[in-house]
Amino acid sequence: MVMQRIDPFREFRKLDEMLSRAWQGDGDGHVERRWAIPIDLTQDGDDVVLRATIPGVAPEDIDVTVEDGVLTINAETPNDSDASFIIRERRAGKLYRALRLPNTLDVGKAESDYRNGVLTLTFPKVEAVKARRLEIKGA
């Protein structure tokens, strides 16, 4: 007889997994799956820099939009669904990320760069919100 550790939540996890598959589809294309694009957001002086990891995608296949203060990044990697995988660890399909930008950034002067699978977006701050030094006058 094999001893097993009692896990009172095992059946609940199985039920949760079954319901998740039912809502999301079974992976055969019934429901479109989008993978989240990992990002880093940093401040570099008066600029805010966003770096997004999007490997294996050509620059012309990356769609970046800003509408109503929301930055949206869409891309798609080739899906080899007809291949007979032994091991499959790389994500394939649609990639997506949306992020609300503060109104202190000048989206019209944003710069973009894509190298080695990393998309870099640089947003300068609006001139009116940059810190200014005030001169103090004495009597």
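## A first look at T77 and its surroundings

Setting aside residues up to four places away in sequence, T77 touches P55, V57, R91, A92, G93 and L95; contact here means heavy atoms within 4.5 Å. This is a predicted model, where local features need pLDDT of at least 70, side-chain atom pairs count only at pLDDT 80 or more, and totals for chains, interfaces and linings use all residues. Residues are numbered from 1 along each chain as its sequence is written, and side-chain values use heavy atoms, with hydrogens and water left out.

T77 itself belongs to strand β5, which covers residues 70-77. Helices (H or I, at least four residues) and strands (E, at least two) are DSSP runs, numbered from the N terminus.

So what does the whole protein chain contain? It has 1 helix and 8 strands. Starting at the N terminus, they come in the order α-β-β-β-β-β-β-β-β. Of contacts between residues at least 6 apart in sequence, 47% join residues at least 24 apart. The accessible surface of the protein chain is about 11700 Å², and 50% of that belongs to carbon and sulfur atoms; such areas come from the Shrake-Rupley method with a 1.4 Å probe, and for residues only the protein chains shown count as cover.

Buried residues make up 19% of the 139 residues. Buried means under 20% relative accessible area, exposed means over 50%, and partly exposed is in between (1.4 Å probe, protein chains only). Here are four examples.

| Residue | Place | Relative accessibility | Class |
|---|---|---|---|
| L19 | helix α1 | 45% | partly exposed |
| T77 | strand β5 | 9% | buried |
| T120 | strand β8 | 17% | buried |
| G45 | loop between β2 and β3 | 53% | exposed |

Back to β5 and its pairings; two strands pair if DSSP finds at least two bridges between them. On one side of the story, 5 bridges join β4 (residues 63-67) to β5, and these strands run antiparallel. V66 has L71 of β5 as its bridge partner. The hairpin of β4 and β5 has 2 residues between the strands, and D68 takes a positive phi near 55° in it. Strand β5 also goes with β6, again antiparallel, through 8 bridges. K94 in β6 is the bridge partner of E76. K94 is a bridge partner of R34 too, and 3 bridges join β1 (residues 34-36) to β6 (residues 93-100) in a parallel arrangement.

Which residues have the most contacts inside the largest nonpolar core? They are I54, I62, I73 and L119, in a core of 17 residues. A nonpolar core is a set of buried Ala, Val, Leu, Ile, Met, Phe, Trp, Tyr and Cys residues joined through side-chain atoms within 4.5 Å. Strands β3 (47-53), β5 and β8 (118-124) each supply at least two residues of this core. Beyond its neighbours up to four places away in sequence, I62 touches I54, V57, I73, N74, A75, Y114 and L119.

Strand β8 also holds T120. Leaving aside neighbours within four places in sequence, T120 is in contact with V49, L50, R51, E111, S112 and D113. Elsewhere, G45 and P124 are 79 residues apart in sequence and 9.1 Å apart in space, C-alpha to C-alpha.
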